[in-house]
Amino acid sequence: MVNSFIFLGFTGLSGLLISGLLLIILIFELAMFVHVVRNKSITTNTKTLWIIGMILIHPIVAIAYYFTDYKKVK
């Protein structure tokens with residue numbers, strides 16, 4: 001029987017842990033993306049750069065956005 005949690009050669013508990021970690025990262029990235037779109041305290045050009053960056057280099061840019069512009073919501 002084939003294990004349904006095979007991910008890059010990881011099976012069993014390690015596959016579940018890696019899948020869970022990737023799911024958490026995806027949820028974080030989506031939350032930051034939505035926040036960029038709704039953030040009214042940054043300019044349109046800045047929003048465009050953040051969105052393009054999140055699409056191309058997603059986890060790194062999402063973390064950078066969190067530490068730079070995430071708290072600037074009015």
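Start by selecting Thr 46, which sits in helix 2. You are looking at a predicted model, so treat each stop on this tour as a look at a computed structure. Is Thr 46 buried, exposed or partly exposed? Thr 46 is partly exposed, because its relative accessible area is 27%, and a residue counts as buried under 20% and as exposed over 50%.

Keep Thr 46 on screen and add Val 36. These two residues are 10 apart along the chain, and 9.2 Å separates their C-alpha atoms.

**Zoom out to the chain**

Now show the whole protein chain as a cartoon. How many helices and strands does the chain have? There are three helices and zero strands, and reading along the sequence gives the pattern α-α-α.

Try switching on the surface. The accessible surface of the chain is about 5,700 Å², and carbon and sulfur atoms account for 74% of that. Of the 74 residues in the chain, 20% are buried.

**Helix 1 beside helix 2**

Next, select residues 12-38 for helix 1 and residues 44-56 for helix 2. Two packed helices are described by the angle and the distance between their axes. Here the axes come within 9 Å and cross at roughly 165 degrees. That makes helix 1 roughly antiparallel to helix 2, since the angle is over 145 degrees. Their crossing is left-handed.

Now show side chains where the two helices touch. On the helix 1 side, pick Met 32, Phe 33, Val 36 and Val 37; they meet Lys 47, Trp 50, Ile 51, Met 54 and Ile 55 of helix 2. Colour this contact by class and you will find eight nonpolar residues, no polar ones and one charged residue. Val 36, from your earlier stop, is part of this contact.

**Helix 2 beside helix 3**

Keep helix 2 and add helix 3, residues 58-68. Where do their axes lie relative to each other? The axes come within 6 Å and cross at roughly 145 degrees, and this crossing is also left-handed.

Show the side chains again. Trp 50, Gly 53, Met 54, Ile 55 and Leu 56 in helix 2 meet a set in helix 3: His 58, Val 61, Ala 62, Ala 64, Tyr 65 and Thr 68. By class, this contact contains eight nonpolar residues, three polar ones and no charged ones.

**A last look**

Finally, bring back the full chain and think about its contacts. Among contacts between residues at least 6 apart in sequence, 41% join residues at least 24 apart.

Methods
Residues numbered from 1 in each chain as written. Predicted model: local features only at pLDDT ≥ 70, side-chain atom pairs only at ≥ 80, totals over all residues. Heavy atoms only, no water. Axes fitted to C-alpha atoms, helices over the stretch in contact; angles between N-to-C directions. Helix = DSSP H or I, 4+ residues; strand = E, 2+ residues; numbered from the N terminus. Parallel < 35°, antiparallel > 145°, perpendicular 65-115°, else oblique. Left-handed = near helix turned anticlockwise from the far one by under 90°. Contact = heavy atoms within 4.5 Å. Nonpolar A, V, L, I, M, F, W, Y, C, P; charged D, E, K, R; others polar. Buried < 20%, exposed > 50% of the residue type's maximum accessible area, 1.4 Å probe, protein only. Areas by Shrake-Rupley, 256 points an atom, 1.4 Å probe, with all protein chains shown as cover.
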